[in-house]
Amino acid sequence: MKRIDRLIVGELFGPWLFGVAMFTSLLLAATYLGRIADYVVQGLPPAKILEITFLLLPPILVKTFAMATLLGALLAFGRLSGDSEVVALRAGGASIYRIIFPVACFSFAVAVLTFILNDTLVPNSAKQAKTMTDSIGKEIKNKKAQPTFQTIIENGQLKAMIMARDFNLGDQTLSGVTIKALDKEGHPTFFMEASKLKYQGDSAKGWRIENGATLFSADGRDYSQITGEIWPGEVPKINKDPQEMSVHLSTDPDYYTTGELREALSKSNLDKSITTEQYRNMEYWLWNKYAVPMAAFVFGVLGAALGIRSHRAGTATGFALAVAIMFAYMTLANFMNVWAMGGVIPPYVASLTPIALGLIASFIIMWRRNTG
């Protein structure tokens, strides 16, 4: 690493760490402080509250990486410009592109780290946090059951419909279940009623009956009691695991990896079990898995380009610019999401347009700084 690279990365790293800590604290307080305070009031053990807090941190952290890159670049180059170090570098023959190059490399590394964490650590921690908070909610607040409706599709044909009074992702159970088997014409053939079905942990074993079930034909001629775990041949086996079922119910993209979202989209496209708007929203989630890390790179380059100024500016200017840019980005992203769900624009256009606009703005500013 050359001296200019060490100088700029060293100047950038401290403000970036500060930004991560600051934005993480703010987002954690704004999003979860009320819920954590409620747990304290309800008398939840401190160890469990601490565990939930740690599980909630990864989804917040990956969102703050991009914000911190923007703030770090603005503060670092504000300081370098204020002390005329950028002028000295230009006098030594370095172009604006060369001065910003270490920032681009640093931001790219942050983007890669964001993608890896967002696709591995975040879904696991988000699922564990949801399981814990749902369990606590049912214990201390007598939370209502979560009903669900699912379909069983085989080779593109609707084979059965599943209605359950409660779906518990943490326990991987369906309670108060009624399954209606259908023939090729879509007419009901058999009904099975079970108090509980439990997923056995892999697709080979699938769902098992617990506490028995009742099976009867649609015409009322056949009736039998199922006392064991053996699945009756008259009813198609459930071909979805709890994770696939939860995709249709959840509104938080943090629960899923890119692979899970691709698989869910593929199956949903086949069985048509979600609305067009829900399908577009899931596509938007998938593209955002790439857009969020890319924002870290764009924010870094944009912050560096904006931070280079010919006059001295205070730290407050860097904060104000960072807040203004993040507000503009989030506003545009929300509008794009609405348009994507409404079918006005494709989901990938909605996710990537703010990134593309940020890149264009960055290159224009760098070009003007370099030629000015």
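Me: Two strands pair if DSSP finds at least two bridges between them. Over how many bridges do β1 and β2 pair?
Reply: A word on the source first: this is a predicted model, where local features need pLDDT of at least 70, side-chain atom pairs count only at pLDDT 80 or more, and totals for chains, interfaces and linings use all residues. Residues are numbered from 1 along each chain as its sequence is written, and side-chain values use heavy atoms, leaving out hydrogens and water. Strands (E, at least two residues) and helices (H or I, at least four) are DSSP runs numbered from the N terminus. Strand β1 spans residues 148-154 and strand β2 residues 157-168, and their antiparallel pairing runs over seven bridges.

Me: Thanks! If I start at Thr148, what is its bridge partner in β2, and which residue of β3 partners that one in turn?
Reply: Let's step across the strands. Thr148 has its bridge partner in β2, namely Ala164. β2 also pairs with strand β3 (residues 173-182), in the antiparallel sense and over eight bridges. In β3, the bridge partner of Ala164 is Val177.

Me: Now the inside. Which helix gives the most to the largest nonpolar core?
Reply: A nonpolar core is a set of buried Ala, Val, Leu, Ile, Met, Phe, Trp, Tyr and Cys residues joined through side-chain atoms within 4.5 Å. The largest one has 46 residues, with Phe77, Ile99, Ile100 and Val103 making the most contacts inside it. At least two residues each come from α1 (3-41), α2 (46-82), α3 (85-91), α4 (96-119), α8 (276-307), α9 (315-341) and α10 (347-371). With 12 residues, the helix that gives the most is α2.

Me: Val103 is in that group, so to speak; how many residues are in the other core, which lies apart from it?
Reply: Contact means heavy atoms within 4.5 Å. Beyond residues up to four places away in sequence, Val103 touches Ile8, Leu12, Ala73, Phe77, Gly300, Val301 and Ala304. Apart from the largest core lies another, with Ile162, Ala181, Trp207 and Ile238 among its members, and its count of residues is 24.

Me: Is Thr24 buried or exposed?
Reply: Thr24 lies in helix α1. Leaving aside neighbours within four places in sequence, Thr24 is in contact with Gly19, Leu57, Ile60, Leu61 and Thr64. The cut-offs are under 20% relative accessible area for buried, over 50% for exposed and in between for partly exposed (1.4 Å probe, protein chains only). Thr24 has a relative accessible area of 10%, so this residue is buried.

Me: And how far apart in space are Ile96 and Gln146?
Reply: Ile96 lies in helix α4 and is buried, with a relative accessible area of 2%. Setting aside neighbours within four places in sequence, Ile96 is in contact with Arg90, Ile308, Met366, Arg369 and Asn370. Ile96 and Gln146 are 50 residues apart in sequence, and their C-alpha to C-alpha distance is 56 Å.

Me: Where does Ser84 lie?
Reply: Ser84 has a phi near 60°, a positive value in a residue other than glycine. At 41% relative accessibility, Ser84 counts as partly exposed. Its place is the loop between α2 and α3.

Me: One last residue: is Asn211 buried or exposed?
Reply: Asn211 is in strand β5 (residues 207-217). Phi of Asn211 is near 65°, a positive value in a residue other than glycine. Relative accessibility is 71% for Asn211, so the residue counts as exposed.
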